[in-house]
Amino acid sequence: MLGDNNHYGHGTILRRYCGVERALAIPGRMQHGWQPGCGLPVASMREPWPKFIWSARNLQQCQDAGYRRIIPLGAPFLYLEQASPKPRSPQSLLVIPFHGWEKEKLHSEMGGMAASIGELEARGFGPITVCLYYTEFADPEMRAVFEQRGYDVVTNGPRGDNPDFLLRQRDLLLSHAYVTSNRVSTAAFYALSLGVKFFVHGPAMGLSGSDDPTGERFDTWQRETFPELTLERFGDRTNRALGEVELGL
């Protein structure tokens with residue numbers, strides 16, 4: 001019914017889980033990724049059909065806002081078959097910088113993020129892989145910021161009707177002992193739910209057209225809300241339960 005329900009292969013994953021082979025439409029709007037609010041934009045929340053959201057956090061926000069026809073389903077990522085971590089080395093690190101998207105670019109460049117990765121390398125992390133959003137991966141200058149430091153730079157590909165996106169992301173997360181980002185995001189909680197250690201590190205960043213273009217307001221919020229995920233306080237712990245809660249297990 002709604003084409004963006006197939007972003008990241010969500011529709012395919014849920015149909016496979018239910019044993020439905022035909023490409024039946026999901027009868028409502030699916031949440032695309034982790035969000036601390038209702039899970040969907042205001043315009044989507046006001047649509048007449050059901051809204052399939054992820055977590056208790058999202059459900060509470062929807063209830064507080066008075067939205068109706070809300071169905072907590074959990075992240076489609078949780079419906080993938082189980083897999084175990086197989087990191088290539090004990091200190092291997094996957095870096096997932098905060099990114100722009102098709103309609104909105106980053107407010108700042110990636111130089112500060114690359115420098116912050118260098119700090120982690122000096123602490124003994126490595127080998128280091130940097131995963132970029134596909135639009136930024138396609139920019140040679142964007143890749144060069146990291147490649148010139150000797151880091152592997154990869155992408156999971158476009159998010160559109162791409163059934164392999166989350167499988168590729170899951171395997172990438174599991175192949176590293178640690179995952180880090182400068183911003184808590186969907187991938188952060190995917191990593192935690194898989195039992196991979198995640199921590200927040202790097203400069204605040206935001207989107208050019210947002211009401212928080214520098215990302216500093218969000219950075220303050222994430223450090224107050226998830227202090228146990230900051231590099232200074234995560235204590236080399238996995239925090240798997242936190243990932244499961246935020247994804248709506």
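Is Arg223 buried, partly exposed or exposed, and what is its relative accessibility? In this predicted model, Arg223 counts as partly exposed because its relative accessibility is 28%, and buried would require under 20% while exposed would require over 50%. The points below start with this residue, then turn to two sheets and to the salt bridges.

**Arg223 and its surroundings**

- Arg223 belongs to helix 9, which covers residues 216-225.
- Leaving aside residues up to four places away in sequence, Arg223 touches Val200, Gly202, Thr230 and Glu232.
- Val200 is 23 residues from Arg223 along the chain, and the C-alpha atoms of the two are 8.6 Å apart.

**The sheet of 3 strands**

- Strands 1, 2 and 3 form an open sheet in the order 1-2-3, and their pairing is parallel.
- The edges of this sheet are strand 1 (29-30) and strand 3 (70-72); each has a single partner strand, so one side of each has no neighbour in the sheet.
- Strand 2, made of residues 51-53, pairs with strand 3 in the parallel sense over 3 bridges.
- Ile53 has Pro72 in strand 3 as its bridge partner.

**The sheet of 5 strands**

- An open sheet of 5 strands has the order 6-5-4-7-8, again with parallel pairing.
- Strand 6 (152-154) and strand 8 (197-200) are at the edges; each has a single partner strand, so one side of each lacks a neighbour in the sheet.
- From one strand to the next, the twist averages 25°.
- Strand 5 (residues 128-131) runs parallel to strand 6, and 3 bridges join the two.
- Cys131 has Val154 in strand 6 as its bridge partner.

**Salt bridge between distant parts of the chain**

- Side chains of opposite charge can pair when their charged atoms come close.
- The whole structure contains 9 salt bridges.
- One of them joins Arg29 and Glu47, with the closest N and O atoms 2.6 Å apart.
- This pair links distant parts of the chain: Arg29 is in strand 1, while Glu47 is in the loop between helix 2 (42-45) and strand 2, and the two residues are 18 residues apart.
- Arg29 counts as buried because its relative accessible area is 11%, and the cut-off for buried is under 20%.
- Glu47 is also buried, with a relative accessible area of 17%.

**Salt bridges within helices**

- Glu147 and Arg143 form a salt bridge through their side chains, at 3.4 Å from N to O.
- Both residues lie in helix 6 (residues 140-147); because they are 4 residues apart there, about one helical turn separates Glu147 and Arg143.
- Glu147 has 38% relative accessibility, so this residue counts as partly exposed.
- A salt bridge also joins the side chains of Glu244 and Arg240, at 3.8 Å from N to O.
- Glu244 and Arg240 are in helix 10 (residues 240-247), 4 residues apart, so they too are separated by about one helical turn.
- Glu244 is partly exposed at 25% relative accessibility, and Arg240 is partly exposed at 37%.

**A salt bridge network**

- Asp4, Arg29 and Glu47 are joined into one network by salt bridges that share partners.

Technical notes
Residues numbered from 1 in each chain as written. Predicted model: local features only at pLDDT ≥ 70, side-chain atom pairs only at ≥ 80, totals over all residues. Heavy atoms only, no water. Pairing = 2+ DSSP bridges. Buried < 20%, exposed > 50% of the residue type's maximum accessible area, 1.4 Å probe, protein only. Contact = heavy atoms within 4.5 Å. Axes fitted to C-alpha atoms, helices over the stretch in contact; angles between N-to-C directions. Salt bridge = Lys/Arg side-chain N within 4 Å of Asp/Glu carboxyl O.
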